[in-house]
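This report goes through selected features of one protein model, moving from helix packing to individual side chains. Please keep the sequence and the coordinates at hand while reading.

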Amino acid sequence: MTALFEPFTLRDVTIPNRVWMPPMCQYSAAPEGPEAGAPTDWHFAHYAARATGGTGLVIVEATGVSPEGRISPYDLGIWNDTQVDAFRRITRFLTEQGTVPAIQLAHAGRKASTERPWKGGAPVGPEGHGWDSVAPSAIAFDERHPVPAELTAGQIGEVVEQFAASARRALAAGFEIAEIHGAHGYLINEFLSPHSNHRTDAYGGSYDNRTRFALEVVDAVRAVWPDDKPLFFRISATDWLDEGGWTADDTVRFARDLRAHGVDLLDVSTGGNASGVRIPTGPGYQVPFAARVRNETGLPVAAVGMITEAEQAEKILANGEADAVLLGRELLRNPSWARHAARELGGEVHVPDQYHRSV
């Protein structure tokens with residue numbers, strides 16, 4: 001059996017293979033009204049296609065823990081029961097296909113309230129269904145973004161509770177794995193990095209203070225997420241800044257903290273918190289960050305970033321650089337990537353009975 005198609009068990013959940021789908025926003029939910037934030041037919045068709053294509057784990061896109069936590073007004077949310085009911089249709093179908101359903105719980109912080117990317121992605125105000133953003137410090141992401149309001153200690157506590165409440169709803173919606181979004185310059189990442197966190201209270205300054213909010217969120221979610229179900233954390237392993245930012249060394253140190261607080265796997269990405277930086281992209285360019293965490297801490301990791309070929313993915317796993325690979329754009333291009341890779345590598349993957357003629 002190839003490494004790519006070996007099952008992977010965390011706690012009591014077994015994922016049938018190591019081909020995973022990362023969170024990728026679809027910007028396709030209603031922005032306002034009773035159906036705001038709820039998944040639509042588009043979301044069902046989108047995720048169902050990857051499940052029938054053999055993907056072992058599907059992580060549903062960044063899902064706001066509050067209306068103000070969405071990246072755009074068109075993002076998914078899980079702050080009410082209407083959304084829970086709509087998600088059940090997706091999780092039920094994924095489970096029927098043998099795919100494990102996961103969800104990423106998110107708060108966009110100072111990068112919230114933006115237009116859809118194909119509409120330019122600029123910040124929007126009330127006229128575009130938008131709202132005022134918040135952050136650890138009153139520092140705008142870039143010249144296009146407004147200056148966010150600095151969260152008070154009391155408001156920070158409220159956001160922690162929103163994460164916990166959303167985790168409860170995710171469980172009721174049928175998700176088997178929850179992932180906390182701590183990457184890409186969104187709220188938790190903003191607290192972690194000295195580039196965006198200039199606070200002088202218990203949530204800013206030292207490493208321990210800057211990681212306090214993230215660990216409070218982890219503890220709150222882990223307290224309501226069942227012991228038999230895994231908890232993931234997505235991190236940007238570096239801000240790609242020469243100085244004054246979050247670093248790979250910080251990530252290794254933090255991975256140990258996350259493991260001690262009940263996180264089962266680190267989903268390793270990079271960047272997103274500092275504008276205008278140069279990122280040396282290329283095939284597998286983020287894999288070394290995942291490999292370092294795995295080798296130095298023993299915490300399971302998933303690697304992401306321009307992983308497109310079956311042999312490339314197999315090599316990452318066989319070399320011990322990661323425990324799973326996350327294919328983003330490639331799964332947008334080819335929903336049945338896992339089936340094609342299994343044929344190429346001689347692995348086995350679930351194929352729906354209705355597609356028996358394709359085997």
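## Helix 6 and helix 7

How do the axes of helix 6 and helix 7 cross, and within what distance do they come? In this predicted model, the axes of helix 6, which spans residues 212-224, and helix 7 come within 10 Å and cross at roughly 25°. Because an angle under 35 degrees counts as roughly parallel, helix 6 and helix 7 are roughly parallel to each other.

The crossing of helix 6 past helix 7 is right-handed. At the contact between the two, Ala214, Leu215 and Val218 on the side of helix 6 meet Phe254, Asp257 and Leu258 on the side of helix 7.

## Nonpolar cores

The largest nonpolar core holds 80 residues, and the members that touch the most other members are Phe213, Phe233, Phe254 and Leu266. Apart from this core lies another one, of 16 residues, with Phe8, Leu265, Ala302 and Ala324 among them.

Which residues does Phe233 touch, leaving aside those up to four places away in sequence? The contacts of Phe233 include Ala214, Val218, Phe254 and Leu258, and these four residues also take part in the meeting of helix 6 with helix 7. Further contacts of Phe233 include Glu179, Ile180, Gly182 and Ile188, as well as Val263, Leu265, Leu266 and Asp267.

## Helix 8 and helix 9

Helix 8 covers residues 287-297, and its buried residues are Val287, Phe289, Ala290, Ala291, Val293 and Thr297. The elements that cover these buried residues include helix 7 (248-260), strand 10 (265-269), strand 11 (301-304) and helix 9 (310-318). After helix 8 comes Gly298, with a positive phi near 80°.

In helix 9, the buried residues are Ala310, Gln312, Ala313, Glu314, Ile316 and Leu317, a set that packs against helix 8, strand 12 (324-326) and helix 11 (337-345). Just after helix 9, Gly320 likewise has a positive phi, of about 75°.

## Positive phi outside glycine

Most residues other than glycine have a negative phi. Trp240, although not a glycine, has a positive phi of about 60°; this residue lies in the loop between strand 9 (231-236) and helix 7. With a relative accessible area of 21%, Trp240 is partly exposed.

Met306, also not a glycine, has a positive phi of about 55°, and its place is the loop between strand 11 and helix 9. Is Met306 buried or partly exposed? Its relative accessible area is 43%, so Met306 counts as partly exposed.

## Thr270 and its partners

Thr270 is located in the loop between strand 10 and helix 8, where it is buried, with a relative accessible area of 7%. Although Thr270 and Asp239 are 31 residues apart in sequence, their C-alpha atoms are 6.6 Å apart in space.

Which side chains are joined to that of Thr270 by polar contacts? One such contact, of 3.0 Å, joins the side chain of Thr270 to that of Trp240, and another, of 2.5 Å, joins the side chains of Thr270 and Gln286. Not counting residues up to four places away in sequence, the residues touched by Thr270 include Trp240 and Gln286, together with His184, Ile235, Ser236, Ala237, Thr238, Tyr285 and Phe289; of these, Phe289 is one of the buried residues of helix 8.

## Two further buried threonines

Thr99 is placed in the loop between helix 2 (81-96) and strand 5 (100-106), and at 3% relative accessibility it counts as buried. Its side chain reaches the backbone oxygen of Thr55 at 2.8 Å. Beyond four places in sequence, Thr99 touches Thr55 itself and also Ala51, Gly56, Leu57, Val58 and Leu94.

Thr63 belongs to strand 4, residues 57-64, and its relative accessibility of 0% means that it counts as buried. A polar atom of the Thr63 side chain lies 2.7 Å from the backbone oxygen of Glu61. Leaving out residues up to four places away in sequence, Thr63 touches Leu76, Gly77, Ile78 and Phe87, and in addition Ile103, Gln104, Leu105 and Ala106.

Note on methods:
Residues are numbered from 1 along each chain as its sequence is written. This is a predicted model: local features need pLDDT of at least 70, side-chain atom pairs count only at pLDDT 80 or more; totals for chains, interfaces and linings use all residues. Side-chain values use heavy atoms; hydrogens and water are left out. Buried means under 20% relative accessible area, exposed over 50%, partly exposed in between (1.4 Å probe, protein chains only). Contact means heavy atoms within 4.5 Å. A polar contact is a pair of N or O atoms within 3.5 Å; within protein, one must be able to donate a hydrogen and the other to accept it, and residues adjacent in sequence count only if both atoms are side-chain atoms. A nonpolar core is a set of buried Ala, Val, Leu, Ile, Met, Phe, Trp, Tyr and Cys residues joined through side-chain atoms within 4.5 Å. Axes are lines fitted to C-alpha atoms, for helices over the stretch in contact, and angles run from 0 to 180 degrees between N-to-C directions. Angles under 35 degrees count as roughly parallel, over 145 as roughly antiparallel, 65 to 115 as roughly perpendicular and the rest as oblique. A crossing is left-handed if the near helix is turned anticlockwise from the far one by less than a right angle, and right-handed if clockwise.
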